[in-house]
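Subject: Handover of a structure

Dear colleague,

Please find below the structure that I am passing on to you. I would be grateful if you could keep it open while reading the notes underneath.

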Amino acid sequence: MKQIVKPIKDSWVLSEVQKSLLEKETTGRRNYTIFQVGKSTLLRVSDVLSLKKSDVFDENGRVKRNAYIIDKKTKKHNVLYLKPVERDLNDYFDWLKEQQLHNRKKKIYRSSNFNGNVLTSPWLFPSIRHAERHIDGKAYWKIMNEVGKELNIDYLGTHTMRKTGAYRVYQQTNHNIGLVMKLLNHSSEEMTLAYLGLDQDTREQILDTIDFG
């Protein structure tokens, strides 16, 4: 049976998911930052994971105001506003530097199955063991699945961060579906409503007000 991935609508549940991601030993800060970037930019997971450091940081290591990418699925140009996730990216950059220093002290680089150049890797979210590659969608699905099992939530997946960000924008802008559609790079409002599951929610809310006699 195919899993149905939904947005996290409850702020307490969202906080617990973020906490679970962050507390994962070794890779917690990276996993958490992936989630935060996906939630704040509304990018598909494939686009989040293929971001490069040069997309989001300038030559001095400061977070850029905007990142300019081409969506892998739609081939559309997309401009990302990075200020909402600036603090998380700065914390992540500091963590990368700490990882690099820690690994050098332990001389981990001598291990044949470990490439720990996470700071100098061009990828924003490199694999910890093979930093010449970025973490892939399958690996991140496993991370989210583990969080779901830990918290007994059956609707978490790689699309959770994107759907959660879209839902929060929708709710906090007085249901500005046009803005959410633009941020998701969707071609119609119907597509956006279906993506968020709001079409069904709206129908049920209306039906709750009907006196069927």
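The notes below describe one helix, one pair of strands and one pocket. Please bear in mind that this is a predicted model.

Helix α2

Helix α2 covers residues 28-41. At 1.5 Å a residue, its 14 residues should span 20 Å, and its end C-alpha atoms are indeed 20 Å apart, so the two values agree. Is this helix enclosed by the rest of the structure or not enclosed? Twelve of its 14 residues are buried, and α2 is therefore largely enclosed by the rest of the structure. Among the buried residues are G28, R30, Y32, F35, V37 and T41.

Q36 serves as an example from this helix. Its relative accessibility is 6%, and because buried means under 20%, Q36 counts as buried. Setting aside neighbours within four places in sequence, Q36 is in contact with Q18, V85 and D88. Just after the helix comes L42, which has a positive phi, near 65°.

Strands β1 and β2

Strand β1 (residues 66-70) and strand β2 run antiparallel and are joined by five bridges. Within this pair, A67 stands opposite L80 in β2. Six residues lie between the strands of the hairpin, and K75 takes a positive phi near 65° there.

Which residues of β2 lie on its covered face, and which on its uncovered one? In this strand, residues 77-81, the covered face has N78 and L80, whereas the uncovered face has H77, V79 and Y81. As background, side chains in a regular strand alternate between the two faces of the sheet.

The largest pocket

The largest pocket has a volume of about 480 Å³. Of the 20 residues that line this pocket, S40, T41, L42, V169 and L183 are the closest to its centre. Which elements supply at least two residues each to the lining? They are α2, β2, α5 (86-106), α7 (160-172) and α8 (177-184). The largest share, five residues, comes from β2. By class, the lining of the largest pocket has seven nonpolar, eight polar and five charged residues.

The helix and the strands described above thus meet again in this last part, since α2 and β2 each supply at least two residues of the lining of the largest pocket.

With kind regards

Technical notes
Residues numbered from 1 in each chain as written. Predicted model: local features only at pLDDT ≥ 70, side-chain atom pairs only at ≥ 80, totals over all residues. Heavy atoms only, no water. Buried < 20%, exposed > 50% of the residue type's maximum accessible area, 1.4 Å probe, protein only. Helix = DSSP H or I, 4+ residues; strand = E, 2+ residues; numbered from the N terminus. Pairing = 2+ DSSP bridges. Expected span 1.5 Å × (residues − 1). 1 Å grid on protein atoms, 1.4 Å probe; cavity = no way out; pocket = protein on both sides within 12 Å on 5 of 7 lines; lining within 4 Å. Points joined across faces, edges and corners; volume = space filled by probe spheres on them. Nonpolar A, V, L, I, M, F, W, Y, C, P; charged D, E, K, R; others polar. Contact = heavy atoms within 4.5 Å.
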